[in-house]
Amino acid sequence: MQTEKVKKILFILPSNLGDLILTFPSFDMVKEIYPKAEIDCVVSPSTKEFMKRASIVSAVIEYRKDWRWQQKAKFSLSLRYRYDLIIDFKNTAIPFFAAPFFRTPFFRKKLDKGHKRDFYLRLSLKALGRKVIPARRYLNFDLEISEKEYWDSILRPSIFIAPASRNPVKRYPSSYYREVINGLKDTLPIVLVGDKTAENTGEAIMESLRENTNVINLISRTTLASLFYIFSRYSRVLITSDSAPLHLASYLDIPVVALFGPTSFKKYGPTSRRSVVLFNKNISCLGCGRDNCPFNLECMYGIKPEEVVKSVLSLL
């Protein structure tokens, strides 16, 4: 590849937040090779605000899947000849219309194996033509000084729990989380995090813990950008199921106790150097990929709270 040609780079990012975070190591690799290149991103409405705070991203361009085909074609043509390299994680027609010097391949089925993060890295390598191990993590998310001061005033090193997932069948039972918290009450403070979809789960967990002043409920009070800052400074261990916070903690190399049932931990599990994956070993449908469960969520109910507590203690 003629590296001197690459001055403007476009990433076309997944719509799902978890998958988007799994592309972050690819950003680091590209930035290592092209430290002076300008990086833009095509994003969905749900990820736009998050990526607008990304430190190495110059512009965030919104793309809506509900556009008519004429709007999509006009959008794609508006990018024509603007970029030297396009890394398309969604395999859209945009690179065809935009006509960059270099791009990810359209035929990629053979690359889609193993962990999803590694798949995205392999795609990037196909466009880059060479492999480079980044010397450091380049991607960061900018917070206002007042935001940092606020989080610094209320937090200290803690065990974090992200109890919800977009798909209810991936969630660990609230009653089990209460047992886990009680089992860890003499260790570090415990902080619950999540977006608005986790509010009911958070309330259910907190229901019988009102007297436990060691627990802070931050559910619906954080953004992913603020979680990036909070995790990097204060998280000693994260307990969660398959979720965006899991992948964020993995990118930051924070120890994770990951609770897996209907999704494959080989494809979506934690990649931190120190992590534990827990799952029910006594079922045959593990990693079924279903959005509903005919077996009363045996996969998640089969992970006992005492196993979680033991795993957390081993990582502290």
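Let me start with strand E9, residues 235–241, where six of the seven residues are buried, so that this strand is largely enclosed by the rest of the structure. Please keep in mind throughout that what we are looking at is a predicted model.

Which strands does E9 pair with? On one hand there is strand E6, residues 158–162, which is joined to E9 by five bridges and runs parallel to it, and within that pairing isoleucine 159 stands opposite valine 237. On the other hand there is strand E10, residues 256–259, which pairs with E9 over four bridges, again in the parallel sense, and here threonine 240 of E9 stands opposite alanine 258.

Just before E9 in the numbering comes helix H10, residues 224–234, and nine of its eleven residues are buried, so this helix, too, is largely enclosed by the rest of the structure. The buried residues of H10 are Leu224, Ala225, Ser226, Leu227, Phe228, Tyr229, Ile230, Phe231 and Tyr234. If you ask what covers the buried residues of H10, the answer includes strands E6 and E9, together with helices H1 (17–22), H3, H7 (145–154) and H11 (244–251).

One residue of H10 leads us on to the aromatic side chains, since Phe228 is buried in that helix and also belongs to one aromatic cluster with Phe11, Phe24, Phe27, Phe50, Phe89, Phe119, Tyr120, Phe141 and Tyr251. Over the whole structure, a search finds 23 aromatic pairs. One of them is formed by tryptophan 67 and phenylalanine 75, whose rings are 5.5 Å apart from centre to centre, with 50° between the planes, which makes the pair tilted. Is phenylalanine 75 buried or exposed? Its relative accessibility is 9%, and because the limit for buried is under 20%, phenylalanine 75 counts as buried. A ring can also have a charge over it, as at phenylalanine 279, where the charged end of lysine 281 sits over the ring, 5.2 Å from its centre.

Let me turn now to the open sheet of five strands, which has the order E3-E2-E1-E4-E5, with parallel pairing. Strand E3, residues 59–62, and strand E5, residues 102–103, stand at the edges with a single partner strand each, so one side of each is left without a neighbour in the sheet. The partner of E3 is strand E2, residues 38–43, and the two run parallel, joined by four bridges, with valine 42 standing opposite isoleucine 61 of E3.

Beyond E2 we come to serine 44, which has its place in the loop between E2 and helix H3, residues 48–52. Although it lies in a loop, serine 44 is buried, with a relative accessible area of 8%, and, leaving aside residues up to four places away in sequence, it touches Ser15 and Tyr63.

Finally, let me step back to the chain as a whole, which has 14 helices and eleven strands. For 316 residues, a compact globule would have a radius of gyration near 20 Å, and the 21 Å found for this chain agrees with that. The C-alpha trace spans about 60 × 50 × 40 Å along its principal axes, and 51% of the residues count as buried. Among the contacts with a separation of 6 or more, 65% are between residues 24 or more positions apart. As for the surface, the chain exposes about 15500 Å², of which carbon and sulfur atoms supply 50%.

Key: Residues numbered from 1 in each chain as written. Predicted model: local features only at pLDDT ≥ 70, side-chain atom pairs only at ≥ 80, totals over all residues. Heavy atoms only, no water. Phe/Tyr/Trp six-rings, centres within 6.5 Å; stacked < 30°, edge-to-face > 60°. Buried < 20%, exposed > 50% of the residue type's maximum accessible area, 1.4 Å probe, protein only. Lys NZ or Arg CZ within 6 Å of the ring centre and 35° of its normal. Rg over C-alpha atoms; globule rule 2.2 N^0.38 Å. Contact = heavy atoms within 4.5 Å. Areas by Shrake-Rupley, 256 points an atom, 1.4 Å probe, with all protein chains shown as cover. Pairing = 2+ DSSP bridges.
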